[in-house]
Amino acid sequence: MQRRHWAFERLAGVMVFSIIVLALLGMFSKGPLSASVAGSGALKIEYQRFQRNGAASQMVIDALAEPGKNVRLNITGELLEAMTIESIHPMPVTSSTADHKGLSIVVTADEEGHVRAYLSLRADGLGLIRSQVESRGERIGFWQFIYP
Amino acid sequence: MDSVLRAAALYIALLLLFKVLGRRSMSELTIFDFVLLLIIGEATQQALLGDDFSVTNALLVIMTLIGIDVLLSRLKWRWPAFDLWLEGSPIIVVENGVPLQSRLQAARLKVEDILESARESQGLERIEQIKFAIIEKNGKISIIPNT
């Protein structure tokens with residue numbers, strides 16, 4: 001019986017060790033496995049693929065636009081329901097609802113026609129969520145997973 | 001990634017800090033030591049969890065701390081030299097009724113403390129009745145009386 005106990009202890013030790021290694025690699029948010037980039041060129045999103053409920057993270061939307069002009073960014077899907085947007089920098093010129101449940105913000109591009117919007121998110125939901133970001137005809141879908 | 005690194009950094013920092021504090025504080029807690037430990041606990045908790053109160057984060061931190069503990073105990077078992085460095089060895093402070101003053105001073109102990117322990121554990125009255133008084137790794141004082 002004791003041998004079985006020791007064998008179980010060894011197994012548990014290996015499991016804990018592998019979970020720690022996975023955590024270091026970013027399986028549970030914030031790490032190489034979790035940091036992702038969706039899209040390229042005209043629209044790019046940097047985000048954390050894995051999130052934890054209640055934890056803060058950052059999402060960056062990189063878009064090309066006409067220099068000095070306003071550009072509309074639409075965030076749709078489950079993102080707004082599963083996460084709270086704590087702040088958006090630069091502050092949007094206007095914001096409104098997009099596609100019934102999403103968010104549509106208008107931000108101003110710089111002189112080179114580049115927009116980089118930083119969103120502070122705090123995960124509220126649980127499980128798999130699918131979202132989309134759209135700008136000037138480009139549309140990028142991505143998924144995230146929120147741990148309890 | 002940050003949960004594991006935070007937990008590991010704090011564990012190692014606290015380990016080193018308490019090594020500096022010395023052994024005595026670990027065995028018998030005075031009021032001062034108790035207050036200190038209480039407040040250190042509070043300060044550590046904030047640093048460990050940050051603003052992330054998810055179950056996942058808590059579990060990762062706990063697993064990391066336990067994992068480091070198990071790892072260190074395995075290393076100590078494998079390499080006695082490591083054990084010696086980490087925990088030290090028992091120190092004889094009284095030999096055949098004669099207190100070794102330099103060691104007592106280094107351990108921040110007085111002869112009265114040794115006598116108190118002798119009374120408690122063995123019921124001895126005088127220092128001449130002590131063959132050996134040893135400070136163990138965990139800070140407790142063991143008394144071996146003259147037969």
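## Rings and an interface, reasoned through

Mentor: Let's start with the rings: in this predicted model, a search of the whole structure turns up 6 aromatic pairs over all chains.

Trainee: Why are Phe50(A) and Trp143(A) called an edge-to-face pair?

Mentor: Their centres lie 6.2 Å apart, and the limit for pairing is within 6.5 Å. The planes make 70 degrees, and over 60 counts as edge-to-face. Both tests are passed, so the name fits.

Trainee: What makes this pair a tie between parts of chain A?

Mentor: Phe50(A) belongs to strand 3 (residues 50-52) of chain A, while Trp143(A) belongs to strand 11 (residues 138-147) of chain A. The pair therefore ties together parts that are 93 residues apart in sequence.

Trainee: And why is Phe145(A) with Tyr147(A) described as edge-to-face?

Mentor: Here the ring centres are 5.1 Å apart and the planes stand at 80 degrees. Since that angle is over 60, the pair is edge-to-face.

Trainee: Which residues do ring pairs link into a cluster?

Mentor: The cluster holds Phe28(A), Phe50(A), Trp143(A), Phe145(A) and Tyr147(A).

Trainee: How do you know whether Phe50(A) is buried or exposed?

Mentor: Its relative accessible area is 10%, and buried means under 20%, so Phe50(A) is buried. Tyr147(A), at 12%, is buried by that rule too.

Trainee: Then what makes Trp143(A) partly exposed?

Mentor: Trp143(A) has 35% relative accessibility, which lies between the limits of 20% and 50%, so it counts as partly exposed. Phe145(A), at 29%, is partly exposed as well. Away from the cluster question, Trp6(A) in helix 1 of chain A is partly exposed at 47%.

Trainee: Let's turn to the two chains. How many residues does each bring to the contact?

Mentor: Chain A gives 18 residues and chain B gives 15 residues. Together the chains bury about 1300 Å², with 61% of it on carbon and sulfur atoms. On the chain A side, Ile20(A), Leu24(A) and Arg52(A) lose the most area to chain B, together 37% of what that side buries.

Trainee: Why is the meeting of Asp2(B) and Arg52(A) called a salt bridge?

Mentor: The two side chains come to 3.4 Å, N to O, and the rule asks for an Arg or Lys nitrogen within 4 Å of a carboxyl oxygen of Asp or Glu. The distance meets that cut-off, so the term applies. Across this interface the rule finds 3 salt bridges.

Trainee: What else is counted between the chains, and which element supplies the largest share of the chain A side?

Mentor: There are 9 residue pairs in polar contact between chain A and chain B, both residues at pLDDT 80 or more. Helix 1 (residues 2-25) of chain A supplies the largest share of its side, 5 residues. That side divides into 11 nonpolar, 4 polar and 3 charged residues.

Trainee: Last one: how do you know that Ser54(B) is buried?

Mentor: Ser54(B) has a relative accessible area of 4%, and the limit is under 20%, so Ser54(B) is buried. It sits in the loop between helix 3 (31-49) and helix 4 (55-78) of chain B. Not counting residues up to four places away in sequence, Ser54(B) touches Arg52(A), Asn53(A) and Pro148(A).

Trainee: What makes the link from Ser54(B) to Asp52(B) a polar contact?

Mentor: Their side chains come to 2.9 Å, and the cut-off is within 3.5 Å. The distance meets it, so the pair is a polar contact.

Notes:
Residues are numbered from 1 along each chain as its sequence is written. Chains are lettered from A and ligands numbered from 1 in the order in which they are written. Side-chain values use heavy atoms; hydrogens and water are left out. Contact means heavy atoms within 4.5 Å. Buried area is the accessible area (1.4 Å probe) that two parts lose on being put together, summed over both. A polar contact is a pair of N or O atoms within 3.5 Å; within protein, one must be able to donate a hydrogen and the other to accept it, and residues adjacent in sequence count only if both atoms are side-chain atoms. Helices (H or I, at least four residues) and strands (E, at least two) are DSSP runs, numbered from the N terminus. Ala, Val, Leu, Ile, Met, Phe, Trp, Tyr, Cys and Pro count as nonpolar, Asp, Glu, Lys and Arg as charged, and the others, Gly among them, as polar. Rings of Phe, Tyr and Trp (its six-membered ring) pair if their centres lie within 6.5 Å; planes under 30 degrees apart count as stacked, over 60 as edge-to-face and the rest as tilted. Buried means under 20% relative accessible area, exposed over 50%, partly exposed in between (1.4 Å probe, protein chains only).
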